[in-house]
Amino acid sequence: FELERIGVHESVETVFPPSELAAYLDDLPAEVTVVGDDAAEITACDAVVTFEHRDAYLEVDWVHSIQAGVDRFPFDEFEASGVVLTNSTGIHDRWVGETVAGYLLSFARRIHTAVANQQDRRWDQPDWNDGFTLPGTTACVLGTGTLGSGVAEVLGALGVRVTGVRRSAEPVPGFDEVYATEDLLEGVSDADFVIVTLPLTEQTRHLVDAEVFEAMREDAYFVNVGRGPVVDESALIDALESDSIAGAALDVFETEPLPEESPLWDMDEVIVTPHCAAFTEDYFRAVGDIVRENVERLESGEPFHNRVV
Ligand code: 7N6
């Protein structure tokens, strides 16, 4: 298809200003404009860069998602309408890895507790045996894909032994040991940290359930930077309330924004972040580079990078 006009949908605002991306791409051989929800405005574009899905996208040729996870998009309808869908996998690994390192360091070095105490001007030192250090601990990462590998790389640099759980037990670079999904309970049972980096699919929905929390050590922390529905959130809350795990750091939830009445907000050993583990001032540039790369590939007739549909 011909690429004359690329729309940057205003929903990208969740992560960066649409105008920043449009300006970054203004050297492309196509017109790049910010578009809103007006269907005519959208269908006047050949391609759209977006955060959310809109039905009008079924009438453009190419949709680029600024996320890695593509659970917002109806694959079947894209397929049936001949719309190409590409995503932004590959840009988040280091960023999310650093966020996960931050959670782990916070738990180990008791930073979240100090910040909570600071709100009350309370000088309250941790107990002598509350703090620990990361070298020698084990993190079990569920999902050894692009995101999981980025997390493994950052944690490995901090001296953490990293194991992984994936569909098959095939080794993956950066992971000291790999378990197949059917051995998930064994994989999580000796870990100090269990970290979900999985996308949401039919196979992963509620993969982490009460059984998984039971298999975890009582002093282990749980982290989710994948998708909320991969975890049975009420089973997680039960595990936290009954002290069958030590705590959790959560960036994604079954319902987002996390409802005000959720008990997760008030737990001392729970860190809640608002689905921002990948946020960085460089986000629009990284997305822009993928779009530019694909515009070049389209011109030279090569297959799209990061094509999903
Ligand atoms: C916006 C969300 C993804 O799937 O959820 C993440 O890429 C990022 C920063």
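This report covers the domains, the ligand site and selected residues of a predicted model.

**Domains**

The protein chain splits into two domains. Domain 1 takes in residues 5-91 + 281-300. Domain 2 runs over 93-272. Their C-alpha centres lie 32 Å apart. Across the boundary, 9 residues of domain 1 are in contact with 5 residues of domain 2.

**Ligand site**

Which residues surround the ligand? They are Val-15, Phe-51, Gln-67, Ala-68, Gly-69, His-92, Arg-227, His-275, Phe-279 and Tyr-283. By class, this shell divides into 5 nonpolar, 4 polar and 1 charged.

Polar side-chain atoms of Gln-67, His-92 and Arg-227 each pair with an oxygen atom of the ligand. The table gives the distances.

| Residue | Distance from a side-chain N or O atom to a ligand oxygen atom |
|---|---|
| Gln-67 | 3.1 Å |
| His-92 | 3.0 Å |
| Arg-227 | 2.6 Å |

On its own, the ligand has 290 Å² of accessible area, and the protein covers 92% of it.

**Asp-71, a partner of Arg-227**

Arg-227 also has a contact within the protein. The side chains of Asp-71 and Arg-227 are joined by a polar contact of 2.9 Å. Asp-71 sits in the loop between strand E4 (62-65) and helix H3 (75-81). Its relative accessibility is 37%, so Asp-71 counts as partly exposed. Leaving out residues up to four places away in sequence, Asp-71 touches Leu-200 and Arg-227. The pairing with Leu-200 spans 129 residues of sequence. In space, the two C-alpha atoms are 6.5 Å apart.

**Thr-86, a buried strand residue**

Is Thr-86 buried or exposed? Thr-86 is buried, because its relative accessibility is 0%. Thr-86 belongs to strand E5 (residues 84-86). Its side chain makes a polar contact of 2.8 Å with the side chain of Trp-62. Beyond its neighbours within four places in sequence, Thr-86 is in contact with Trp-62, Val-63, His-64 and Ser-65, among others. Its contacts also include Asn-294, Phe-304, His-305, Asn-306, Arg-307 and Val-308.

**Helix H9 and its cover**

Helix H9 spans residues 233-241. Its buried residues are Glu-233, Ala-235, Leu-236, Ile-237, Ala-239 and Leu-240. An α-helix has 3.6 residues a turn, so residues three or four places apart point the same way. The cover over the buried residues of H9 includes helix H8 (210-215) and strand E10 (221-224). Strand E11 (247-250) and strand E12 (270-272) are also part of that cover.

**Backbone exceptions**

Most residues other than glycine have a negative phi, and most peptide bonds are trans. Several places in this model depart from that pattern. Asp-243, just after H9, takes a positive phi of about 55°. Arg-110 is not a glycine, yet has a positive phi of about 65°. Arg-110 lies in the loop between helix H4 (93-109) and helix H5 (111-119). With a relative accessible area of 10%, Arg-110 is buried. His-206 is not a glycine either, and its phi is positive at about 55°. The loop that holds His-206 runs between strand E9 (193-196) and H8. His-206 is partly exposed, with a relative accessible area of 35%.

Where is the cis peptide bond that involves Pro-257? It runs from Glu-256 to Pro-257, with omega near -5°. Pro-257 lies in the loop between E11 and E12. Those strands, E11 and E12, are among the elements that cover the buried residues of H9.

**Ala-157, an exposed helix residue**

Ala-157 is part of helix H6 (residues 146-157). Its relative accessibility is 71%, so Ala-157 counts as exposed. Ala-157 and Ala-101 are 56 residues apart in sequence. Their C-alpha atoms lie 9.9 Å apart in space.

Definitions and conventions
Residues are numbered from 1 along each chain as its sequence is written. This is a predicted model: local features need pLDDT of at least 70, side-chain atom pairs count only at pLDDT 80 or more; totals for chains, interfaces and linings use all residues. Side-chain values use heavy atoms; hydrogens and water are left out. Helices (H or I, at least four residues) and strands (E, at least two) are DSSP runs, numbered from the N terminus. Buried means under 20% relative accessible area, exposed over 50%, partly exposed in between (1.4 Å probe, protein chains only). A polar contact is a pair of N or O atoms within 3.5 Å; within protein, one must be able to donate a hydrogen and the other to accept it, and residues adjacent in sequence count only if both atoms are side-chain atoms. Contact means heavy atoms within 4.5 Å. A residue is near a molecule or strand if one of its heavy atoms lies within 4 Å of it. Accessible areas come from the Shrake-Rupley method with a 1.4 Å probe; for residues, only the protein chains shown count as cover. Ala, Val, Leu, Ile, Met, Phe, Trp, Tyr, Cys and Pro count as nonpolar, Asp, Glu, Lys and Arg as charged, and the others, Gly among them, as polar. Domain bounds come from an automatic or database domain assignment.
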